[in-house]
Amino acid sequence: MSDVIRLLPDSVANQIAAGEVIQRPASVLKELVENALDACASVIRVQIKDAGRTLIAVSDDGKGMSDTDARMAFERHATSKITDAQDLFHIRTMGFRGEALASIAAVAQVEMRTRRQEDELGTFVEIAGSRVFRQEMVQCDKGTSFQVKNLFFNVPARRRFLKSDSVEKNHLLSEFYRIVLVNPEVEFYFYDGDEEVFYLPVSNVKVRIDQVFGNARRKLSQQLLSLEAETSLVSIHGFIGRPEFAQKSTQQYFFVNGRYMRHPYFHKALMMAYNQLISPGDNPPYFVYFEVDPQTIDINIHPTKTEIKFENEQAIWSILTAAVKESLGKFNIVPSIDFDRDEVPDLPSLQRGTQVTPPPTHFNASYNPFSDSQQGSSYSRPAVNWDSLFRQDDHFDKPSEKEPVQQVISSEAQTSGAYFQLKERYILTSVKSGMMLIDQRRAHVRILFDEFLNELSVRKGFSQQLLFPENIELMPEDLPFYEQIKDELRILGFDIKVEAGRMQLSVQGIPSRLKSPEKVTALLSDILHRTKSAYGEPIEKVREEMALALAETAAIPSTGRLSGEEMAHLVDQLFACPVHLYTPDGKTVMVIISQDEIANRFN
Ligand code: ADP
Ligand code: MG
């Protein structure tokens with residue numbers, strides 16, 4: 001089989017909200033296990049250490065990767081699962097954004113071993129903080145195994161944001177449950193350290209529920225009734241709790257087309273059907289599996305979101321309600337599980353080739369990243385609602401007052417637009433927990449750094465020719481360093497000729513983002529200097545140094561007036577950066593002064 005991974009076109013990639021893929025160890029588990037499932041694994045092993053802080057390992061016996069794919073897999077927007085925007089409507093795989101591995105590798109130390117059935121040798125890749133340290137051939141089993149060590153080793157603020165071991169472990173387990181409950185045909189192991197917590201052999205949904213939630217004394221399935229509805233819009237099957245087993249807290253799961261979802265509206269439908277049968281405040285367990293035409297749901301919302309939009313929500317609500325009532329009614333007469341299928345609302349069954357109207361889309365097919373006059377930025381994302389940043393929604397963990405604020409950005413949000421510039425230097429805005437101040441230059445350095453680094457990695461920068469070339473004298477000892485980076489300089493948009501016989505560079509073109517040539521001499525000698533001090537380091541390190549030198553040169557000065565629109569644009573771009581609390585060299589970009597602190601001042 002040939003290599004199968006392709007890079008998504010920028011226009012598509014940019015329109016899939018990048019968001020924050022990796023928030024905690026559980027996000028790593030989810031992404032790696034979903035990849036294993038996408039690779040058609042039949043056995044998946046998960047191991048965690050220290051609640052995933054020091055290790056999350058996932059191995060599978062799936063199809064593995066070629067050695068080229070093994071490296072490509074870590075590039076942002078590299079995916080073998082979709083090729084163009086149309087494919088977004090037919091998603092059957094769990095992953096498709098091609099950003100999980102890139103995100104994990106950016107914030108952890110990752111080792112991967114992978115081998116395809118047909119290859120004799122496999123590939124080993126070691127990558128940490130997005131830097132590739134090793135790629136070599138190895139002897140390994142068919143399939144893929146990942147070891148993700150020291151999550152957030154390079155993002156201390158994130159590490160501090162993690163909760164206690166027991167909380168993180170619960171997150172890991174719930175992520176695990178959400179996956180294993182909908183993949184009973186796959187065998188799973190879960191180890192906490194060396195202790196085997198779960199061994200789940202291949203089974204069916206009902207047995208899987210018992211494997212996960214039952215114990216020696218009782219089977220959860222004995223408290224459940226089966227649920228079935230077959231219609232043209234949706235097929236529903238699963239289990240709901242017998243009313244007398246309802247409790248304050250219990251297991252409630254919805255799945256659609258093989259993935260877990262939250263659906264408050266359907267939850268309500270289900271609970272209403274139990275009306276009068278259970279006492280208020282109690283909850284029946286349920287495990288409900290929906291199958292619909294993938295074109296009638298919208299899962300392309302946010303990588304960490306589990307809400308899913310259905311095109312036919314109203315109709316499905318009625319079908320679900322009827323099915324649950326039916327199942328409970330049957331129970332009233334025959335108090336035991338049975339698999340009889342009685343009719344629910346009378347709808348023709350699903351037929352192949354039926355015309356289905358496509359759901360509303362989130363992307364703009366005519367989007368052209370080059371038509372943007374703003375700073376050459378091709379990043380398009382929904383505006384940020386600052387109020388929602390810290391909303392006390394129970395689905396988000398609210399950062400405690402003392403901890404640095406992490407990004408919880410709601411993708412459907414609108415911008416509040418109220419920015420104030422303080423001392424021509426700081427952008428001030430109000431957020432739920434208080435007042436946020438952003439250092440405008442540092443924010444810009446962070447944004448440009450990410451952009452230059454990206455240009456270096458996709459090997460595409462933009463050049464602008466100079467009317468009058470700038471000449472730069474070289475010291476003889478500089479020459480080898482210049483040779484080392486001249487390709488990178490060209491990619492960034494430098495057009496440089498070495499004057500034959502003379503130790504002189506003639507700069508005829510510069511990266512278009514630099515705008516003016518005045519600082520180019522200082523910049524190039526800065527880059528050369530940094531290259532020298534990064535001598536012997538991997539090329540990725542050298543690139544980071546180059547990107548930082550460029551960002552510092554091209555960034556706005558630390559003081560200077562900005563318009564409201566410029567501030568909004570800057571803040572928006574800043575929050576599109578995976579790391580936005582610090583500059584690449586570790587300086588604080590933003591601070592939050594909490595409401596309490598402000599209130600105290602008035603006491
Ligand atoms: P996505 O799953 O959205 O495509 P990822 O970043 O999670 O993006 O993975 C990138 C690519 O790496 C996948 O498209 C797939 O081709 C490959 N890959 C990742 N994990 C595995 C695995 N366990 N087995 C085989 N291929 C994998
Ligand atoms: Mg994936």
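When I say that a charge sits over a ring, I mean that NZ of Lys or CZ of Arg is within 6 Å of the ring centre and within 35 degrees of the ring normal. Hi everyone, let's use that straight away. In this structure, which is a predicted model, R513 has its charged end over the ring of F452, 5.3 Å from the ring centre. K163 does the same kind of thing with F161: the charged end of K163 sits over that ring, 5.1 Å from its centre.

While we're on rings, let me stay with the aromatics. How many aromatic pairs does a search of the whole structure find? The count is 24. One of them is F176 with F188, an edge-to-face pair with 5.8 Å from centre to centre and 85° between the planes. The two residues are twelve apart, and their pair links distant parts of the chain, since F176 belongs to helix α6, residues 165-180, while F188 belongs to strand β9, residues 187-192. Are these two rings' residues buried or exposed? F176 has 1% relative accessibility, so it counts as buried. F188 comes in at 0%, so it is buried too; the cut-off here is under 20%. Both residues also belong to one aromatic cluster, whose members include Y177, F190, F198, F213, Y253 and F255. Y260, F287 and Y289 are in that cluster as well.

Next, please find strand β3, residues 55-60. Five of its six residues are buried, so the strand is largely enclosed by the rest of the structure. Which strands does β3 pair with? One partner is β2, residues 43-49, in an antiparallel arrangement with six bridges. Within that pairing, K49 has L55 of β3 as its bridge partner. The two strands make a hairpin with five residues between them, and in the turn D50 has a positive phi of about 50°. Another partner is β8, residues 143-149, which runs antiparallel to β3 and is joined to it by six bridges. There, V58 stands opposite F146 of β8.

As a general reminder, strands of a sheet pair through backbone hydrogen bonds, either parallel or antiparallel. Further along the chain, we have an open sheet of four strands, ordered β18-β19-β20-β24, with antiparallel pairing. β18 (420-422) and β24 (590-594) are at the edges with a single partner strand each, so one side of each has no neighbour in the sheet. From one strand to the next, the twist averages 30°. Zooming in on one edge, β18 pairs with β19, residues 426-431, in the antiparallel sense over three bridges, and F420 has L428 in β19 as its bridge partner.

Now for some helix packing. Helix α12, residues 479-492, and helix α14, residues 539-554, have axes that come within 11 Å and cross at roughly 50°. That angle makes α12 oblique to α14, and the crossing is right-handed.

My last stop is K519, in the loop between β23 (504-511) and α13 (520-533). What is its relative accessible area? The value is 48%, so K519 is partly exposed; exposed would need over 50%. K519 also has a partner in space to look at: A554 is 35 residues away in sequence, with the two C-alpha atoms 9.1 Å apart.

That's my tour. Thanks for listening!

Notes:
Residues are numbered from 1 along each chain as its sequence is written. Chains are lettered from A and ligands numbered from 1 in the order in which they are written. This is a predicted model: local features need pLDDT of at least 70, side-chain atom pairs count only at pLDDT 80 or more; totals for chains, interfaces and linings use all residues. Side-chain values use heavy atoms; hydrogens and water are left out. Buried means under 20% relative accessible area, exposed over 50%, partly exposed in between (1.4 Å probe, protein chains only). Two strands pair if DSSP finds at least two bridges between them. Rings of Phe, Tyr and Trp (its six-membered ring) pair if their centres lie within 6.5 Å; planes under 30 degrees apart count as stacked, over 60 as edge-to-face and the rest as tilted. Axes are lines fitted to C-alpha atoms, for helices over the stretch in contact, and angles run from 0 to 180 degrees between N-to-C directions. Angles under 35 degrees count as roughly parallel, over 145 as roughly antiparallel, 65 to 115 as roughly perpendicular and the rest as oblique. A crossing is left-handed if the near helix is turned anticlockwise from the far one by less than a right angle, and right-handed if clockwise.
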